[in-house]
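Q: I would like a close look at the charged side chains of this protein, set against the fold as a whole. Please take the structure below as the starting point.

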Amino acid sequence: LFEGDMRIRGWTERAKPSPYYETWVQHSLSIHLPFAVSTALLWIVVTVRAVRRFPCPPEPNEHSRSHLFWAKLSAIDMLLTAVTGWVFYGLAFVAG
């Protein structure tokens, strides 16, 4: 929802009062976005591969090891998305 609100209403006008707007806000967003985009893509890949390669009902099989690796990578990416998003939010909207 936050991401949608930022796209629809924009965020730069609301972030300009931040003392970090000219220095750190754009840098923090540039760090956050690769994590956010890759997380969304990894979710799609992990989900599609699981649907295609696990039986119904799901049970361990030859795909399990690969699924575990990509699921853990997705979880780490999601954590980094959250942390970098909090940093961006704090610099852009809380500090002002």
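How many positive and negative side chains does the protein have, and how far apart do the centres of the two sets lie? Please then go through the salt bridges with care.

A: This is a predicted model, and the charged groups are the place to begin. The protein carries 9 positive and 7 negative side chains, and the centre of the positive set and that of the negative set lie 5 Å apart.

A search of the whole structure finds three salt bridges, and D5 takes part in a bridge with R9, in which the nitrogen-to-oxygen distance is 3.2 Å. Both of these residues belong to helix α1, which covers residues 2–9, and they stand four residues apart, about one turn of the helix. As for their surroundings, R9 has a relative accessibility of 66% and counts as exposed because the cut-off for that class is over 50%. D5, by contrast, has a relative accessible area of 23% and is partly exposed, since buried would require a value under 20%.

D5 also meets a second partner, for its side chain forms a salt bridge with that of R14, at 3.4 Å from N to O. R14 is partly exposed, with a relative accessibility of 38%. The remaining pair is E13 and K16, whose side chains meet in a salt bridge with an N to O distance of 3.1 Å. Salt bridges that share partners join D5, R9 and R14 into one network. Returning to the E13 and K16 pair, E13 counts as exposed at 60% relative accessibility, while K16 is partly exposed at 44%.

The setting for these contacts is a helical fold: the protein has four helices and zero strands, and its elements follow one another from the N terminus as α-α-α-α. The radius of gyration is 18 Å, well over the 12 Å that the globule rule gives for 96 residues, so the protein is more spread out than a compact globule. Along the principal axes, the C-alpha trace spans about 55 × 25 × 15 Å. Buried residues account for 24% of the 96 residues, and the protein exposes about 7100 Å², of which carbon and sulfur atoms supply 69%.

As to how separate stretches of the chain come together, consider the contacts between residues at least 6 apart in sequence: 69% of them join residues at least 24 apart. S28 offers a local view of such pairing, being found in helix α3, which runs over residues 21–53. With a relative accessible area of 7%, S28 is buried, and, once its neighbours within four places in sequence are left aside, it is in contact with V87, F88 and L91.

W86 lies in helix α4, made up of residues 64–94, and its relative accessible area of 62% makes it exposed, whereas S28 is buried. For a sense of distance across the chain, W86 and G10 are 76 residues apart in sequence, and their C-alpha atoms are separated by 18 Å.

To return to the charged side chains, the model contains three salt bridges, and D5, R9 and R14 are joined through shared partners into one network.

How values were computed. Residues are numbered from 1 along each chain as its sequence is written. This is a predicted model: local features need pLDDT of at least 70, side-chain atom pairs count only at pLDDT 80 or more; totals for chains, interfaces and linings use all residues. Side-chain values use heavy atoms; hydrogens and water are left out. Helices (H or I, at least four residues) and strands (E, at least two) are DSSP runs, numbered from the N terminus. The radius of gyration is taken over C-alpha atoms; the globule rule is 2.2 Å times the number of residues to the power 0.38. Buried means under 20% relative accessible area, exposed over 50%, partly exposed in between (1.4 Å probe, protein chains only). Contact means heavy atoms within 4.5 Å. Accessible areas come from the Shrake-Rupley method with a 1.4 Å probe; for residues, only the protein chains shown count as cover. Lys and Arg count as positive and Asp and Glu as negative; His and the chain ends are not counted. The place of a charge is taken as NZ of Lys, CZ of Arg, CG of Asp or CD of Glu. A salt bridge is a side-chain nitrogen of Lys or Arg within 4 Å of a carboxyl oxygen of Asp or Glu.
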